[in-house]
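These are my notes from going through the model, entry by entry, with a strand pair taken up before the core and the chain contact.

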Amino acid sequence: MRMKAAILAAVMLVTAACSGAPPAAQQSTEADITLSGPVSITLWHALSGAQQVALDGMVKKFNDTNGKGITVTALNQGNYTQLYQKTLGAIQAGALPELAHAYESFVADYMKADVVVDLGPYKDSKTNGLTQASQDDIYKGYYDTNTFPQYGNRLLSWPFTKSLAVMYVNNDILKELGKPVPKTWDEFEATALAATKKDASGKVTRMGFAFNTDASYFNAQVYARGGTLMATDNKSVAWNGKEGIAVLQMYDRMNKNGSGYTPKSFDFQSDLATGKLAFFFSSTSTVPFMRDLATATPFSWSITNLPQAATDPAKAKTVQFGANVAIFKSTPEKQLASWLFIKWMSDPDQSAQFASTSYYMPVRKTAAESQTLKDYWAKVPQGKQGFDLIQYSSPEPNIRGQQDIRDVILNMITEVITGKSTPDAAMATATTKANQIIKDAQ
Amino acid sequence: MAAEVIPANVRASPRRRLPIEAIQAWLFLLPAVVILGVFQIFPAIAAFYMSLFRWDVVQGSFRGLGNYTDWLYDNSIRSPDFWRALSTTFSYVIFTVPLEIALSLVLAYLLFQKMRGRGIYRTVYYLPYVTSFVAAAAVFFWVFHPQYGLVNDVIGIFGIGPQRWLDEPNGIFDLAASGFGITLPEWLAGPSLALVVLSLVTIWHYLGYQIVIFLAGLSNISQEFYEAARLDGANERQIFTKITLPLLSPTTFFVFTVASIGVLRSFDSVYVLTNGGPLDTTRTVTLLVFKTAFQQAQFGLGAALAFILTLVILLFTLIQFRVLGSRVNYG
Amino acid sequence: MERGLPRLTTRPRIGSIAKHVVLIVVAGIVAYPFYFMVTSSLKDTLEAIRTPPTIFPNELHPENYTDAWNRAPWGRYFINTIFVSVSVTILELITACLAAYAFARMKFRGKGILFTVFLATLMIPSEATLIPRYVLMSPSRVACAGLPCLGWFDSYQVQIVPFIASAFSIFLLRQFFLSIPNELADAARIDGAGHLRFLWSIVLPLSIPALITAGLITFLGSWNAFQWPLIVTSKPDFRVVQVGLSAFRQEAGSSYHLLMAASTFVVAPIVLLFLVAQRYLVQGIARTGIRG
């Protein structure tokens, strides 16, 4: 962790030093040009429903107001897997769009074909970039996740639709139990067990906690217990330490005493809403779905940070996820137009507006000062609850092979909750597989 | 006399008729050849080309058959993955096809007879096939729900505890045995309950489709055969086994072939219902191809695996043609 | 009059009842998911996700259908889907009839090999050829073995042309054409009829059940196609219903009642089509009559 921080410090220093110096490399010249005429660019994304509407609104506003003749067309390509498929196909066909929505692991893959633009020069460009103050306003975690150590620590994508892992709580149940929101893992387990109700035949009628098999929530729990995910050299995993084992052991105990259960698809949302469930972990992007449920059946809920091992609240941690946007190599003009769009999206006003319509997190701290966001938070208090936690969120690994490692973690958790393996055995198998994947993917 | 009846233009020498017929045949085949050639065969050749290279997002070094040997025996991760996926795929076929065919044949036969409401029955049986897996999956998640599902309620009546169905990675023989307190060794555990549920859903889906094909086949059998058999005093069972089944054999053969190929190749049903889980117990070869190509971006390996599967299917079909084809009566 | 096995009047009544019982039970099991889908589509938000589910909606909410309809350009999706599916079905039947006839009733060299090659196209999983087929449709100028590619993204032809021929239909029809009695063929030849006339006047009328079957299956395959249209179209103008439904599934979240409503109206046209076609299937069976 210290090594990574050192590298990052070095990068920031070099960046700071360069922001005053005249551009030297070929690419920084590209970043400093100005547009000579109208430009049309296409964005491929994986947003649907209300979020797509939100994005379309932003795109329209940009097209109408950018004053530089840039026209953006945003096209939905299905879900993230389908978007990834299509982008890979487009690489083979040599027919990429100018920008695409992408998870970090996708970007790592696209970079194998060397088609992704380095955003560092654009970010630091005197003509087109961000001021130092503006750069610092963006949460550090968002830079970290888009910086790729395996590609020379270059900034290859920009935060776009970010969210974080939080705990959803049914306040009515807690009130009934007379218990506060749990702050430590022991409190959490105890409260979940207290919330569990069984009927005469032993069938569980109210559950404490809904298990997630998704790797991101495992990662979040490892962070929250004070652990790390990857070794500093990124060549092996670190989630197999005592923190990871503790997560599996907790799942094992909760599975056996009935306080935890495995939901199907989105069951956990309706279970919490109908008072059948006390806690679940999910993304801040689940907020709109819970709000919809709340209109159908009123219930009191809130989101808060995961229980933590650290007693100092400043040391709290959770996982940050959500996708970013990458710019593909094309002409300098198109690349610049693309950069100007994503920069605009991340500016304070737009970041606040997009956050209030899409339920994604704003990318910068000063967004909190915007009236739009304040009004939104008045209507949706959970929005503010999420926002306050961004500073505690850290990214997941962005190395090649991470998608496969997620599958390994999923299987590891499934083995424990279906009783096929003990936590130790499941962890051992998973660690071997994960390390092998890392080796093969480099 | 035959010679007087045959008109002049047909009395051409047999040798001269063949080439004209051949030309005509190729003309008949031209549209199919062009379309299949451009849109199926050419891409297949391109995919084969890709399978000869390390193709990790972009084209890499030439590997010859290296990708193939990786899957078959050479690689410590890929080879076990392949053989496990192949075994899963075959289990899927074995649990699905014979039952599917037997059920649809019997139902088609019942529906073929004059009775009231058979139009309605046929439509009802066809409903699953028209319902896309995307829509059907949502329903099946409910029906087989581990907590609230209908099936758990039903088996509860018989005293069997609730099952995890699509989420159950343990083998069915193992589950059954543990009900009696016996633990079976790993290799006897059998396919996972999830795979069995997948088979049931697949049978449900294709039932109507196969019934329709069997109905068409049944209608092709001339009434004369039945009348003659009845006149001879044959009873229903004899008619079914000695007349219907043999004369239906071209259709049965067709259905069997196509159903097997279909299940060996199936992707949508598995992807939507289990996506290879739980614990990879429903990871068929097609799913492994998908994961290799579209999650790991390893196109060379993905293509190679797809061709290995194609060879397996081809072999399987050729064996079927050989073993069953000889028993087909073309009437 | 519908053709079928003559009513078995010599059978004891219990057999007939047993038959109906079997058919009804199986029909019930088979239809249950569909029933579940339709009843869920008429429930309100909360009842639709209630566990355990209610057997019949407490109140009927037909406005779910208009709600779901208004959430996406379904009208456009339906027009696209109908156009594509009808085109594919008609064109595919034509090419399949010609090809199947050639395989079943003509002699020519290389028949066996060509048929095997055709069958082989059925065996290659589509995942393998997805990328090459995608590249084939791209606007690239060099990626197609050095030649320009077709550039058919976001169009109707990209969803129609690749499916104009199918080894499946050819195989199906071949099996049928093979069972046309040889006496008929000989008689036709004696009458001086060429292959085309024989095919048109004799073989096709005799094969109406097979044609309708193949047509139904082709139409349905096209209607339910999802992976290919998704990957080759981005613009809503050319999108088809399954792609729309898949996107709807994502955004519906807990709005299960709306998802079920959308699923129902996507399925409904096909069910109606089958109800109608199934009658012609039967009439077709009757028309073949007793000949030869």
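Which residue is the bridge partner of His45(A) in β2(A)? I looked this up in the predicted model, and found that the partner is Asn76(A).

I then followed the two strands as a pair: strand β1 (residues 39-45) of chain A and β2(A) run parallel and are joined by seven bridges. Between them the chain passes through helix α3 (residues 49-65) of chain A, and I noted this β-α-β crossover as right-handed.

For strand β2 (residues 70-76) of chain A, I listed the two faces separately: Ile70(A), Val72(A), Ala74(A) and Asn76(A) make up the covered face, whereas Thr71(A), Thr73(A) and Leu75(A) make up the uncovered one. Asn76(A), the bridge partner of His45(A), thus falls on the covered face.

Next I turned to the largest nonpolar core, which holds 299 residues, and in which Ala326(A), Leu305(B), Ala99(C), Ile170(C) and Leu173(C) touch the most other members. Helix α9 (residues 193-219) of chain B gives the most to this core, with 19 residues, and in chain A both domain 1 (2-163 + 324-395) and domain 2 (164-318 + 398-441) supply at least three residues each.

I checked Ala99(C) on its own and, leaving aside neighbours within four places in sequence, found it in contact with Phe28(B), Leu29(B), Ala32(B) and Ile170(C).

Last, I looked at the contact between chains C and B, which takes 81 residues from chain C and 86 residues from chain B. On the side of chain C, helix α14 (residues 256-288) gives the most, with 11 residues, and that side divides into 54 nonpolar, 16 polar and 11 charged residues.

Definitions and conventions
Residues numbered from 1 in each chain as written. Chains lettered and ligands numbered in written order. Predicted model: local features only at pLDDT ≥ 70, side-chain atom pairs only at ≥ 80, totals over all residues. Contact = placed C-beta atoms within 7 Å. Helix = DSSP H or I, 4+ residues; strand = E, 2+ residues; numbered from the N terminus. Nonpolar A, V, L, I, M, F, W, Y, C, P; charged D, E, K, R; others polar. Core = buried A, V, L, I, M, F, W, Y, C linked by C-beta atoms within 7 Å. Buried ≥ 20, exposed ≤ 12 C-beta atoms within 10 Å, placed from the backbone. Domains from an automatic or database assignment. Pairing = 2+ DSSP bridges. Right-handed = clockwise from strand over helix to strand, strands pointing away.
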